[in-house]
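Subject: The structure for you to look through

Dear colleague,

Please find the structure below, and keep it open while you read the notes that follow it.

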Amino acid sequence: MKERRNTMQKELTYDAVLHYPGHPSADDVYKVISSRYKSISKATVYRNLATLCEEGKIGRVIPTDGWEARFDHRTEEHAHAVCTFCGNVFDVDVSYDKNIFSKAVCMEDGFIITSHELIFEGICRDCREKEKENGTERIKD
Ligand SMILES: [Zn+2]
Ligand SMILES: [Zn+2]
């Protein structure tokens, strides 16, 4: 019984990430699930997210600047843009030849690449508009 419950909770977690528009934080995912299934705990959702990442069923983006990790239903390689003001994560559909990077990195003697990530940092449109309204633009285009 316990096993079936665990499987169901994992499915729910996967489903929530799959249907979330964009890149949810663990808390976003928890909110979606707990709105329908009150009995699920935050710890369970967090644990399932970690397992799904390990299994390669979902991706994880870890922004810098202390923003919490975001999850991703897209598992194929793609680049991300992170807003350093609000921590939002966006997909960047740019194709690049990762072999160019790999060659450079492997010039470092004996280094083997096991994974890589391409993250652009900047300010999202919403944050820029808010700043424009407040007249507090820190970065202009
Ligand atoms: Zn932003
Ligand atoms: Zn993504």
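To begin with a single residue: does G66 count as buried or exposed, going by its C-beta neighbours inside 10 Å? The model is a predicted one, and in it G66 lies in the loop between β1 (59-61) and β2. G66 counts as exposed because it has 6 C-beta neighbours inside 10 Å, where the cut-off for exposed is 12 or fewer. G66 and A43 are 23 residues apart in sequence, and their C-alpha atoms are 21 Å apart in space.

A useful residue to set beside it is F71, which lies in strand β2 (residues 70-72). F71 counts as buried because it has 23 C-beta neighbours inside 10 Å, and the cut-off for buried is 20 or more. Leaving aside residues up to four places away in sequence, F71 touches V17, H23, P24, V29, L49, I58, G59 and R60. F71 and D28 are 43 residues apart in sequence, yet the distance from C-alpha to C-alpha is 9.7 Å.

F71 also belongs to the largest nonpolar core, which has 11 residues: A16, V17, A26, V29, Y30, I33, V45, L49, L52, I58 and F71. The elements that give two or more residues to this core are α1 (2-19), α2 (26-36) and α3 (42-54), and the largest share, four residues, comes from α2. As background, in soluble globular proteins nonpolar side chains tend to be buried together. Another member of the core is L52, and L52 touches T13, Y14, K57 and I58 when residues up to four places away in sequence are not counted.

Turning to the protein as a whole, you will find five helices and five strands, and from the N terminus on the elements run α-α-α-β-β-β-β-α-β-α. Along its principal axes the C-alpha trace spans about 55 × 50 × 25 Å. The radius of gyration is 18 Å, whereas a compact globule of 141 residues would have one near 14 Å. Of the 141 residues, 18% count as buried. Among the contacts with a separation of 6 or more, 44% are between residues 24 or more positions apart.

The domain assignment gives domain 1 (1-76) and domain 2 (77-141), and the C-alpha centres of domain 1 and domain 2 lie 23 Å apart. The contact between them takes nine residues from domain 1 and nine residues from domain 2. On the side of domain 1 that touches domain 2, there are three nonpolar, two polar and four charged residues.

Finally, please look at the strand pairs. In which sense do strand β3 (residues 79-83) and strand β4 (residues 89-92) pair, antiparallel or parallel? They pair in the antiparallel sense over four bridges, and A81 has F90 in β4 as its bridge partner. β3 and β4 form a hairpin with five residues between them, and G87 in the turn has a positive phi of about 80°. With strand β5 (residues 119-122), on the other hand, β3 pairs in the parallel sense over four bridges, and here V82 stands opposite E121 in β5.

If you go through the structure yourself, a simple order would be to find G66 in its loop between β1 and β2, then F71 in β2, and after that the antiparallel pair of β3 and β4 and the parallel pair of β3 and β5.

With best wishes

Conventions. Residues are numbered from 1 along each chain as its sequence is written. Chains are lettered from A and ligands numbered from 1 in the order in which they are written. This is a predicted model: local features need pLDDT of at least 70, side-chain atom pairs count only at pLDDT 80 or more; totals for chains, interfaces and linings use all residues. A nonpolar core is a set of buried Ala, Val, Leu, Ile, Met, Phe, Trp, Tyr and Cys residues joined through C-beta atoms within 7 Å. Two residues are in contact if their C-beta atoms, placed from the backbone, lie within 7 Å. The radius of gyration is taken over C-alpha atoms; the globule rule is 2.2 Å times the number of residues to the power 0.38. Domain bounds come from an automatic or database domain assignment. Ala, Val, Leu, Ile, Met, Phe, Trp, Tyr, Cys and Pro count as nonpolar, Asp, Glu, Lys and Arg as charged, and the others, Gly among them, as polar. Two strands pair if DSSP finds at least two bridges between them.
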